[in-house]
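Me: Please take a close look at one single part of this model and explain how its surroundings are built. I would like the answer to be set within the chain as a whole.

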Amino acid sequence: MKPKKTGRTKTEEIIRLENVYKKYVMGEIDFYALKKINFSINKNDFVVILGPSGSGKSTLLHILGLLDTPTEGKVYFRGKNTSLYTYDQLANIRFKDIGFVFQSFNLVQSLNALQNVMLPMMFYDVPYDVRLRKARQLLNRLGLSDKLYNLPSELSGGQQQRVSVARALVNDPNLILADEPTGNLDSKSGEEVYDILKEIHDNGKTVVIITHDVNVSKRKYVNKVIHIRDGMIEKIEMKK
């Protein structure tokens, strides 16, 4: 997967959160998982959202991925207020524009690698031959040409995560959201996943990593670090 030469575009905004709160009612107690969140992510950013366990990182990922809605505040995607969208419109944005990579891989255990990557396209009536071609191409690019028909149980952790990455990329999204993508991997496999994410970024995609690992934020290709604790942003660090 050879990276293309692309310049960083700072003026094209992908997503913006304005005064976002997320409240959960627990009996008679209101618990705020997120409070007064304000930041934006631009095209070809490589962002790390950094915070300890329980800081609100996963809740924030769900808001960024349009999987959940804020209790208060607004989320803009490509300049448009997503609170005005229907469920189907939000689902269409997730399908076309956002790819998810999860710590636990979230692969269907009864499906082989090829079928797992094809799966997202099935829900949107993409023709079978197109699904097959795109899934095969991606798995080949990620070094899994000999594992197309292996079940997840027959793959190593690193290989499963590469299948997960292929599934995230299959619809050519503009935004990749990765939630602790190396949390279940050994150090060598983890480095391979970060190498893949960097190549994705070098090819013009926007990448956001949610993590508790401060070392991830020190990588030279990261240009923005958002520090979160107790549901609030402590600081936003611009690195280049």
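Reply: Helices and strands are here runs assigned by DSSP, with at least four residues for a helix and at least two for a strand, numbered from the N terminus. The model is predicted. In these terms, Ser 217 belongs to the loop that connects strand S8 (206-211) with strand S9 (224-229).

Is Ser 217 buried or exposed? A residue counts as buried when its relative accessible area is under 20%. Ser 217 has a relative accessible area of 8%, and is therefore buried. Its contacts, leaving aside neighbours within four places in sequence, are with Val 48, Leu 50, Val 222, Val 225 and Lys 239.

The wider chain gives the context for this position. The protein chain has six helices and 10 strands, and 49% of its 240 residues are buried. Among contacts with a separation of 6 or more, 70% join residues 24 or more positions apart. The radius of gyration is 18 Å, which agrees with the value near 18 Å for a compact globule of 240 residues. Along the principal axes, the C-alpha atoms occupy a box of roughly 50 × 40 × 40 Å. The exposed area of the protein chain is about 11,900 Å², of which carbon and sulfur atoms supply 50%. As to charge, the mean position of the 36 positive charges lies 6 Å from that of the 27 negative charges.

Two helices show burial at the level of whole elements. Helix H5 (residues 157-169) contains 13 residues and spans 19 Å from its first C-alpha to its last, close to the 18 Å expected at 1.5 Å a residue. H5 is mostly covered, with 12 of its 13 residues buried. Its buried residues include Arg 162 and Arg 167, as well as Val 163, Val 165 and Leu 169. The partners against which the buried residues of H5 pack are strand S6 (98-102), helix H3 (113-122), helix H4 (128-141), strand S7 (175-179) and helix H6 (187-202).

Helix H3 is in turn largely enclosed by the rest of the structure, because seven of its 10 residues are buried. These buried residues are Ala 113, Leu 114, Asn 116, Val 117, Met 118, Pro 120 and Met 121. They pack against helix H2 (87-97), H4 and H5.

To return to the part under examination, Ser 217 is a buried residue in a loop between two strands, and its contacts include Val 48 and Lys 239.

Conventions
Residues numbered from 1 in each chain as written. Predicted model: local features only at pLDDT ≥ 70, side-chain atom pairs only at ≥ 80, totals over all residues. Heavy atoms only, no water. Rg over C-alpha atoms; globule rule 2.2 N^0.38 Å. Buried < 20%, exposed > 50% of the residue type's maximum accessible area, 1.4 Å probe, protein only. Contact = heavy atoms within 4.5 Å. Areas by Shrake-Rupley, 256 points an atom, 1.4 Å probe, with all protein chains shown as cover. Lys, Arg positive; Asp, Glu negative; His and termini not counted. Charge placed at Lys NZ, Arg CZ, Asp CG, Glu CD. Expected span 1.5 Å × (residues − 1).
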